[in-house]
There are 2 protein chains.
Amino acid sequence: MSNRRDAVHAILRQSEGFRSAQDVYAEMRAEGAKIGLTTVYRALQALADTGHVDVLRTDDGESVYRACASGDHHHHLVCRRCGRTVEVAGPAVERWAETIGSEHGFTEITHTVEIFGTCGSCATAAKPLRTPSRA
Amino acid sequence: MSNRRDAVHAILRQSEGFRSAQDVYAEMRAEGAKIGLTTVYRALQALADTGHVDVLRTDDGESVYRACASGDHHHHLVCRRCGRTVEVAGPAVERWAETIGSEHGFTEITHTVEIFGTCGSCATAAKPLRTPSRA
DNA sequence: CCGGTTTTGACAACCATTTTCATTTACGCG
DNA sequence: CGCGTAAATGAAAATGGTTGTCAAAACCGG
C-alpha cells in the first residue's frame with residue numbers, strides 16, 4: 001500500500017547513522033524521487049510506530065530516524081561528529097532501570113538511554129571541539 | 001544582576017517536577033510578575049548553562065527544566081502522568097556507558113538516561129493509559 | 001546628571017512538524 | 001470496462017516552541 005514508505009525505509013537502510021526527516025526528504029528529491037515532505041513525515045512516523053526504525057531527538061529538538069538492524073530493544077552509541085551509530089545492548093541497564101523504578105513505586109517503566117562520544121576516526125581528524133556544557 | 005533570573009529559579013524550586021518555559025512564564029504572569037517570555041527563556045538557558053537547573057526534552061520536543069537538588073551528575077525517574085521526579089544516581093550505568101564507549105573506540109563520552117514510569121498514586125487513580133508504542 | 005554598558009521585553013523571524021483539503025491513485029464490484 | 005468509494009499523496013497554510021532583533025529601561029561609576 002505504499003512504495004513511498006518503502007522508499008523512505010530504503011533511504012534509511014542505506015544510511016550510516018541517524019537522519020532527520022528534512023534530510024531524508026532532501027535526499028529523495030535530489031535523487032529525483034517525486035515525493036512530498038508530508039509523505040516523508042508520515043512514512044517515518046508509520047515506520048517508527050511499527051518499530052521498523054528507531055527515533056530519537058537531537059539536542060535541538062529535531063527528530064532523527066534510523067533503520068534498525070534488530071527489532072529488539074537496544075540503545076545507541078552515536079558519534080557526535082559524524083553520526084556513525086553502533087547499536088548496543090545493555091541487559092544490566094534494563095534491569096537497573098526496572099529496579100530503580102520499582103523501588104520508588106513506579107510501574108510501566110520505560111527508559112531512554114543514549115550514549116554520545118567521538119569515534120576513533122573523528123577524534124583523529126582534528127576538528128574544533130564542541131565544549132560540553134556539563135559532564 | 002538579575003532578580004528576574006532568581007525569580008525564575010524560584011519558580012522552579014517551588015515546583016515538584018519539570019516545567020516548560022511557557023509554563024513557567026504563564027505562572028509568573030499569573031502571579032502578577034512583570035516579565036517577558038524572552039527573559040524567561042534567557043533565564044532558563046543561563047540557569048541551565050551554569051548547571052543550576054536540569055534540562056531535558058519531552059517526547060514532543062519541548063524543553064523542560066527543573067531545579068536540581070544537587071549539582072552532581074544524576075538521572076531522573078519521571079512519572080509520565082503527574083511529572084513527579086525522583087533524582088537517581090547510577091554509578092553502574094555511568095561506568096557501563098564509559099566502557100561501551102571505549103570498547104568501540106569512542107572518546108569524550110557523555111550519555112543521557114531518563115527513566116519514565118507511572119508513580120504509585122497515578123497508577124491508583126485510574127486514568128486512560130497512554131499505550132506505549134514500543135517497549 | 002551623564003555617557004556607557006547590561007538587561008529587558010514586545011514583536012517578528014525561524015523552522016521542524018502538523019493539519020487541511022483538494023487531487024490522484026488503487027481497487028472492488030456491477 | 002466504467003464507476004464509486006476509500007486510501008494515499010502533496011502543496012500550501014497553520015502551529016507552536018524557541019530564538020533573534022532592536023529600541024527602551026534599568027544600572028553604574030564618575
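Visitor: Which phosphate oxygen contact does the side chain of B:Thr39 have with DNA strand C, and at what distance?

Guide: In this predicted model, an N or O atom in the side chain of B:Thr39 lies 2.6 Å from a phosphate oxygen of DNA strand C. The side chain of B:Arg4 likewise places an N or O atom 2.6 Å from a phosphate oxygen of that strand.

Visitor: And what does the backbone of A:Ser63 do there?

Guide: A backbone N or O atom of A:Ser63 is 2.7 Å from a phosphate oxygen of DNA strand C.

Visitor: Which residues come nearest to DNA strand C?

Guide: There are 16 residues around DNA strand C, and the nearest are A:Tyr41, A:Ser63, B:Arg4, B:Thr39 and B:Arg42. Both chains are therefore represented among the nearest residues, within the 4 Å limit that defines the surroundings of a strand.

Visitor: What share of the strand C atoms by the protein is sugar or phosphate?

Guide: Sugar or phosphate makes up 61% of the atoms of DNA strand C within 4 Å of the protein, and bases make up the rest.

Visitor: Which helices supply that surface?

Guide: At least two residues each come from helix 2 (21-30) and helix 3 of chain A and from helix 3 of chain B. Helix 3 of chain A gives the largest share, with 4 residues. By type, the surface near DNA strand C has 4 nonpolar, 8 polar and 4 charged residues.

Visitor: Turning to DNA strand D, which residues come nearest?

Guide: Of the 17 residues around DNA strand D, the nearest are A:Arg4, A:Thr39, A:Arg42, B:Tyr41 and B:Ser63. Sugar and phosphate provide 60% of the strand D atoms that come within 4 Å of the protein.

Visitor: Which polar atoms of B:Tyr41 and B:Ser63 approach phosphate oxygens of that strand?

Guide: For B:Tyr41, an N or O atom of the side chain is 2.6 Å from a phosphate oxygen of DNA strand D. For B:Ser63, a polar backbone atom is 2.7 Å from a phosphate oxygen.

Visitor: What about a base oxygen of strand D?

Guide: One lies 3.3 Å from a polar side-chain atom of B:Thr38.

Visitor: Which helix gives the largest share of the surface near strand D?

Guide: Helix 3 of chain B does, with 4 residues. Helix 3 (37-49) of chain A and helix 2 (21-30) of chain B also supply at least two residues each. The surface near DNA strand D comprises 5 nonpolar, 8 polar and 4 charged residues.

Visitor: Which residues of helix 3 of chain B are buried?

Guide: The buried ones are B:Val40, B:Ala43, B:Leu44, B:Leu47 and B:Ala48. They lie on the same side of helix 3 of chain B because their arc around the axis is only 130 degrees. On the other side, B:Arg42 and B:Asp49 are exposed.

Visitor: What covers the buried residues?

Guide: The cover includes helix 1 (3-13), helix 2, strand 2 (53-57) and strand 3 (63-67) of chain B.

Visitor: How far does that helix reach, and what follows?

Guide: Helix 3 of chain B has 13 residues and spans 18 Å from its first C-alpha to its last, close to the expected 18 Å. B:Gly51 follows this helix with a positive phi near 75 degrees.

Visitor: Which residues are buried in helix 2 of chain A?

Guide: They are A:Ala21, A:Val24 and A:Met28. Their arc is only 65 degrees, so they sit on the same side of helix 2 of chain A. They pack against helix 1 (3-13), strand 1 (19-20), helix 3 and strand 3 (63-67) of chain A.

Conventions
Residues numbered from 1 in each chain as written. Chains lettered and ligands numbered in written order. Predicted model: local features only at pLDDT ≥ 70, side-chain atom pairs only at ≥ 80, totals over all residues. Heavy atoms only, no water. Polar contact = N/O pair within 3.5 Å; in protein donor to acceptor, adjacent residues only side chain to side chain. Nonpolar A, V, L, I, M, F, W, Y, C, P; charged D, E, K, R; others polar. Buried < 20%, exposed > 50% of the residue type's maximum accessible area, 1.4 Å probe, protein only. Arc of directions from axis to C-beta. Contact = heavy atoms within 4.5 Å. Expected span 1.5 Å × (residues − 1).
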